[in-house]
Amino acid sequence: MQIDNALLDKLATLSMLEITPKECEELRGHLKEVLEFVDLLNEMDLSGVQPHQSAPAPLRADTIIHDSQISKDLLKQAPKAQDGYFIVPKIIET
């Protein structure tokens, strides 16, 4: 894979970062090292290796608990609460 300015610009846009020309050269070197490492991993012979399978985690039974004290305790921990609801900052302007 070729690491050119177009790819770095795309990565900067996707990551919402501002990358200076000096940082581009440094980043290009780091990405090249990562890609070379991945190429080494791809060259490994894994034909005799079985995929790792872990035992599934035990699940607890879902039980419904009707306890009004739980919501009261949670609301006490909130920075702001009113009338049984959490008060949060407005994030969408209309």
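Arg28 is a buried residue in this predicted model, because its relative accessible area of 18% falls under the 20% that sets the limit for burial. The side chain of Arg28 meets that of Glu25 in a salt bridge, with 2.7 Å from N to O. Both partners belong to helix H2, where Arg28 and Glu25 stand 3 residues apart, which is about one turn of the helix.

The structure holds 3 salt bridges, and they are set out below with the computed separation for each pair.

| Salt bridge | N to O distance |
|---|---|
| Arg28 and Glu25 | 2.7 Å |
| Arg60 and Asp62 | 3.7 Å |
| Lys76 and Asp73 | 4.0 Å |

The pair formed by Lys76 and Asp73 lies in helix H3, which covers residues 68-77, and here too the partners are 3 residues apart, about one turn of the helix. Lys76 counts as exposed at 62% relative accessibility, whereas Asp73, with a relative accessible area of 35%, is partly exposed. In the pair of Arg60 and Asp62, the arginine is exposed at 66% relative accessibility, and Asp62 likewise counts as exposed, at 73%.

Helix H2 spans residues 21-43 and includes Glu43. This residue takes part in a surface patch of negative charge, in which Glu33, Glu36, Asp39 and Glu43 gather. Glu43 has a relative accessible area of 63% and is therefore exposed, the limit for that class being over 50%. Across the whole protein there are 9 positive and 16 negative charges, and the mean positions of these two sets lie 12 Å apart.

Turning to the overall architecture, the protein has 3 helices and 2 strands, and from the N terminus on these elements follow the order α-α-α-β-β. The radius of gyration is 26 Å, well over the 12 Å that the globule rule gives for 94 residues, so the protein is more spread out than a compact globule. Taken along the principal axes, the box filled by the C-alpha atoms is roughly 60 × 50 × 20 Å. Of the 94 residues, 7% count as buried, and Arg28 is one of the residues with that status. The accessible surface comes to about 9500 Å², and carbon and sulfur atoms account for 59% of that area.

Two loop residues deserve a separate remark on backbone geometry. Most residues other than glycine have a negative phi. Met16, however, has a phi near 55 degrees, a positive value in a residue that is not glycine. Met16 sits in the loop between helix H1, residues 5-15, and helix H2, and it is exposed, with a relative accessible area of 75%. Asp83 also has a positive phi, near 55 degrees, and is again a residue other than glycine. The loop that holds Asp83 connects strand S1, residues 81-82, with strand S2, residues 85-86, and at 67% relative accessibility Asp83 counts as exposed.

Key. Residues are numbered from 1 along each chain as its sequence is written. This is a predicted model: local features need pLDDT of at least 70, side-chain atom pairs count only at pLDDT 80 or more; totals for chains, interfaces and linings use all residues. Side-chain values use heavy atoms; hydrogens and water are left out. Patches are made of residues with over 30% relative accessible area and no salt bridge: like charges are joined within 9 Å, nonpolar side chains (Val, Leu, Ile, Met, Phe, Trp, Tyr) within 5 Å. Accessible areas come from the Shrake-Rupley method with a 1.4 Å probe; for residues, only the protein chains shown count as cover. Lys and Arg count as positive and Asp and Glu as negative; His and the chain ends are not counted. The place of a charge is taken as NZ of Lys, CZ of Arg, CG of Asp or CD of Glu. Helices (H or I, at least four residues) and strands (E, at least two) are DSSP runs, numbered from the N terminus. Buried means under 20% relative accessible area, exposed over 50%, partly exposed in between (1.4 Å probe, protein chains only). The radius of gyration is taken over C-alpha atoms; the globule rule is 2.2 Å times the number of residues to the power 0.38.
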